[in-house]
Amino acid sequence: MLLSAAALITGGLAVATQTSAFATTTTASPAVSSASTVHTHRLCSEPSKPGYMACQSVVRTDVKAQKTLGRHDTPKGFGPADLQAAYNLPKDGGKGATVAIVDANDDPNAEKDLAAYRSQYGLPECSTGNGCFKKIDQDGGTNYPAPDAGWAGEISLDVDMVSAACPQCHILLVEAKSANMEDLGAAVNQAVKQGAKYVSNSYGGDEESNDTTADDQYFKHPGVAITVSSGDSGYGVEYPAASQYVTSVGGTSLKKDSSTRGYSESVWGTSAGGEGAGSGCSKYDAKPSWQKDTDCAKRAVADVAAVADPATGLAVYDTYQASGWNVYGGTSASSPFIAGVYALAGAPGSGDVPASYPYAHPDKLNDVTDGSNGSCSNYLCKAGKGYDGPTGLGTPNGVAAFTK
């Protein structure tokens, strides 16, 4: 089993993120830090053996967690209003659509913590009682796996980001019994069996030669938008982000500014690499027919992106071996957020691979042209006009890029 976040912190595995300063609206979310260096811990340890996955989320350790808020306090980090404004999202779409979250292990406090997040931001109730929230194991029942603090934090981030993108969506949490790809894949299949048309996966591991077999077993679901985090270790490709059947989601640094949009974005990462959104050219997965970049004969990662930099991070509420309000980041934030955007856009065509949709509408995205996530000689690690690895075709500007 993967180490918990508590174990990671005890082990002192702090890393510094050399990224842009955090900035938000003053009404919705107070600024976290004016420094350019922030300190984080990964919520999940790196996989210890082949076939196992790690969650793609990090928590700010230089921002004091808040168990409770005073009457006039607001959580640190971006909240739903910030993200809806930054990405030009409708506030009333997606009603009745189900977004599935696939993670490993159990979060015993998932529903309670989700209620606290949604209440804080005035979002509609989403509970088992009103039919909006449902938690199942990978077999579709309620024999939940063992709890894990790291994955519980991941689950909190995932359900909060779906809520931020699509407040009217239903949320289905499918908990795999381990972080092995076979169990996580079974959970993906279960999510689709349950009727979810949008499935987010916030985990990844090293590419392996049998990935193409896993593609067909777990991710080949025409008519279902399956999103996957591109990774948090900078330039380099992980699986299942490399699957030809999924929308691979990269990450950005998001700042409020005085532009017409009101926000600007750059790649999450630096030319030094080692931390930031994942990207690159797959070793094994075939290039989908809709992907036309020039320097990668196989599948290129990513397709689209959204905020992931912990220095411009998200407000998340998590109380399972955690202290309430924290600031989280990682491409584990951008994947469920994009799944929510797909849900806002409406059900995919029954035979479609929805990852192809943004490629038909690149002009409907915010093109990210600044920054890099490592050292390479081309667009696979450097942002530029049009397609690039770290941010794909860009970030949402409404939902038009996420329909046929």
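Is Arg-42 buried, partly exposed or exposed? Keep in mind while you look that this is a predicted model. Arg-42 comes out at 22% relative accessibility, so it counts as partly exposed, given that buried means under 20%. Its salt-bridge partner is Glu-46, with 3.5 Å between the closest N and O atoms. Glu-46 has a relative accessibility of 45%, and since exposed means over 50%, Glu-46 is classed as partly exposed too.

That pair belongs to a set of eight salt bridges. Another one links Lys-112 to Asp-113, with an N to O distance of 3.7 Å. Here the two ends sit in quite different settings: Lys-112 is exposed, at 52% relative accessible area, whereas Asp-113 is buried, at 0%. Then there is the bridge between Glu-265 and Arg-261, where N and O are 2.8 Å apart. Glu-265 has 12% relative accessibility and so falls in the buried class, for which the cut-off is under 20%. Arg-261, with 27%, is partly exposed.

Now swing over to helix 4, which runs over residues 149-165. How far apart are its end C-alpha atoms? They are 25 Å apart, and this agrees with the 24 Å that 17 residues should span at 1.5 Å a residue. The expected figure is 24 Å because the rise is multiplied by one less than the number of residues. As for its surroundings, helix 4 is mostly covered, with 17 of its 17 residues buried. Take a look at the start of the helix as well: a side-chain oxygen of Asp-148 comes to within 3.0 Å of the backbone nitrogen of Gly-150.

Last stop, Val-246. You'll find this residue in the loop that joins strand 12 (238-239) to strand 13 (247-256). Despite that loop position, Val-246 is buried, because its relative accessible area is 0% and the cut-off is under 20%. What does Val-246 touch, leaving aside residues up to four places away in sequence? The list is Phe-219, Ile-226, Val-228, Pro-240, Ala-241, Arg-299, Asp-303 and Ala-355. Phe-219 is worth picking out on the screen: Val-246 and Phe-219 are 27 residues apart in sequence, yet their C-alpha atoms are 6.9 Å apart in space.

Key:
Residues numbered from 1 in each chain as written. Predicted model: local features only at pLDDT ≥ 70, side-chain atom pairs only at ≥ 80, totals over all residues. Heavy atoms only, no water. Helix = DSSP H or I, 4+ residues; strand = E, 2+ residues; numbered from the N terminus. Buried < 20%, exposed > 50% of the residue type's maximum accessible area, 1.4 Å probe, protein only. Contact = heavy atoms within 4.5 Å. Salt bridge = Lys/Arg side-chain N within 4 Å of Asp/Glu carboxyl O. Polar contact = N/O pair within 3.5 Å; in protein donor to acceptor, adjacent residues only side chain to side chain.
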